[in-house]
Amino acid sequence: MNLTRRSILAAPAILRAQDRPERLRIAMIGTGNRGSFLLRNLLELDGAEIAAVCDILPERADAAATMVSKKGGAARTFTDYRRMLDEVRNLDAVIQAAPDFTHREIDIAVLERGLHLYAEKPLALTVEDCRAVRDAARRAKGVMQVGFQLRHDPARAAAVGWIHEGKAGRVLQCHGMRHGGDLPRNIPWYFDKTKCGDIVVDQGIHILDLFRWAIGKPPLRCYGDGGTSLFIDTPPGRTVMDHYSLIYEFEGGVQVNFSHHYFDPPGFTGVQERVFSSEGALDLIRAEFQPRQSRERMKLEVPGAGKDSTLLSLAAFLDNVRHGRRPLNDVESAFEATLVALMGTRSIYEKRVVTWQEMVA
Ligand SMILES: NC(=O)c1ccc[n+]([C@@H]2O[C@H](COP(=O)([O-])OP(=O)(O)OC[C@H]3O[C@@H](n4cnc5c(N)ncnc54)[C@H](O)[C@@H]3O)[C@@H](O)[C@H]2O)c1
């Protein structure tokens with residue numbers, strides 16, 4: 001670079017201008033439970049202008065617009081996302097937080113318009129639909145990031161980084177548990193497996209994604225068992241399970257063992273994400289390593305400890321859009337995570353071993 005006296009004198013002003021992130025015009029689709037949480041976080045970030053919000057329920061779009069106006073912005077409201085995409089000029093990106101069964105249609109519509117997209121998980125509810133979204137993202141001009149925000153959680157990121165750097169040795173087994181109370185009753189589609197893909201695909205998927213990320217490759221085969229034991233027809237019409245257990249086998253005999261249920265008495269077992277390795281064992285949630293040869297547990301260094309994973313994931317999205325970078329939670333990893341979950345569901349429903357080969361055939 002040729003640095004003239006003039007350019008040297010101008011440099012501080014240039015640096016100041018670069019300090020301010022480029023402003024991005026964003027629209028939101030789906031402003032219910034998750035959408036309003038995403039919006040609250042987005043409104044904390046520099047350079048995100050919420051230009052429009054859309055929900056098929058007008059009162060939800062209005063509530064989102066009120067959140068925007070309280071932060072000094074002005075968002076137009078819509079109940080039809082296609083109209084919003086047609087009418088709102090100069091949009092850069094869309095945040096999608098609509099129910100799972102709408103993801104394929106909405107995501108492809110956004111990608112085909114050349115906009116950047118932050119789309120909630122899962123990618124879609126069938127292998128064919130996942131492939132359609134992934135292929136649209138591959139063809140698209142914009143960046144696509146998917147709502148696997150736990151990859152941005154500081155503790156989990158530090159723990160998985162520790163594994164990827166080889167400091168834990170060879171991964172032998174991942175053990176996950178998501179035990180809690182039942183799903184929130186005020187969101188009816190959560191209980192309809194045709195709309196959410198059942199609880200492996202809608203809920204268990206986050207932990208399965210973390211383990212697949214830690215191991216670095218998809219499983220070879222899976223076997224599972226599950227059903228509804230306590231919340232039978234509760235709420236009325238329920239078609240989703242209230243418990244299941246899955247075992248995935250990976251190359252080299254690595255195993256993922258995951259149990260998920262909704263009948264945990266308060267405070268009993270909770271959520272656990274643990275990776276056992278040749279050198280010891282890691283607790284992903286606490287970012288702690290227990291070496292095999294010592295009683296002393298190590299606290300890993302956790303940059304950004306305590307920061308919210310959703311805020312960090314959205315901040316990363318804005319950055320990825322500005323710099324054209326590939327997201328950590330990109331469409332390829334989301335495709336595999338969703339197939340891992342669909343594989344588990346297929347195994348449980350069909351009571352047989354399901355192979356990765358048949359999922360991707
Ligand atoms: N990443 C996470 O941790 C996380 C957590 C919760 C939910 N989610 C995901 O977020 C999404 C939304 O879940 P939720 O819990 O907010 O459900 P929700 O029902 O509370 O919100 C969905 C909203 O989308 C609206 N909607 C439905 N169809 C629409 C359409 N065609 N166009 C515009 N709006 C539409 C609904 O009226 C509703 O307000 C789901 O995909 C869910 O899996 C992700």
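This report describes the two domains of a predicted model, the helices that meet in it, and the surroundings of its ligand.

**Domains.** The protein chain is assigned two domains: domain 1 covers 12–150, and domain 2 covers 154–301 + 332–360. Over C-alpha atoms, the centres of domain 1 and domain 2 are separated by 27 Å. Domain 1 contributes 15 residues to the contact, and domain 2 contributes 20 residues. On the side of domain 1 that touches domain 2, helix α6 (residues 127–139) gives the most, with three residues.

**Helix α6 and helix α11.** Two packed helices are described by the angle between their axes and the distance between the axes. The axes of α6 and helix α11 (residues 331–350) come within 10 Å and cross at roughly 180 degrees. An angle over 145 degrees counts as roughly antiparallel, and α6 and α11 are therefore roughly antiparallel to each other. From α6, the residues Val 127, Cys 130, Arg 134 and Ala 137 take part; they meet Val 331, Phe 335, Thr 338, Leu 339 and Leu 342 of α11.

**Ligand.** The ligand is surrounded by 24 residues, of which Gly 30, Gly 32, Asn 33, Arg 34 and Glu 120 are the closest. Helix α2 (residues 33–42) supplies the largest share of this shell, three residues.

The table lists the residue classes of these regions.

| Region | Nonpolar | Polar | Charged |
|---|---|---|---|
| Side of domain 1 that touches domain 2 | eleven residues | one residue | three residues |
| Contact of α6 with α11 | seven residues | one residue | one residue |
| Shell around the ligand | nine residues | eight residues | seven residues |

How values were computed: Residues numbered from 1 in each chain as written. Predicted model: local features only at pLDDT ≥ 70, side-chain atom pairs only at ≥ 80, totals over all residues. Domains from an automatic or database assignment. Contact = placed C-beta atoms within 7 Å. Helix = DSSP H or I, 4+ residues; strand = E, 2+ residues; numbered from the N terminus. Nonpolar A, V, L, I, M, F, W, Y, C, P; charged D, E, K, R; others polar. Axes fitted to C-alpha atoms, helices over the stretch in contact; angles between N-to-C directions. Parallel < 35°, antiparallel > 145°, perpendicular 65-115°, else oblique. Near = placed C-beta within 6 Å.
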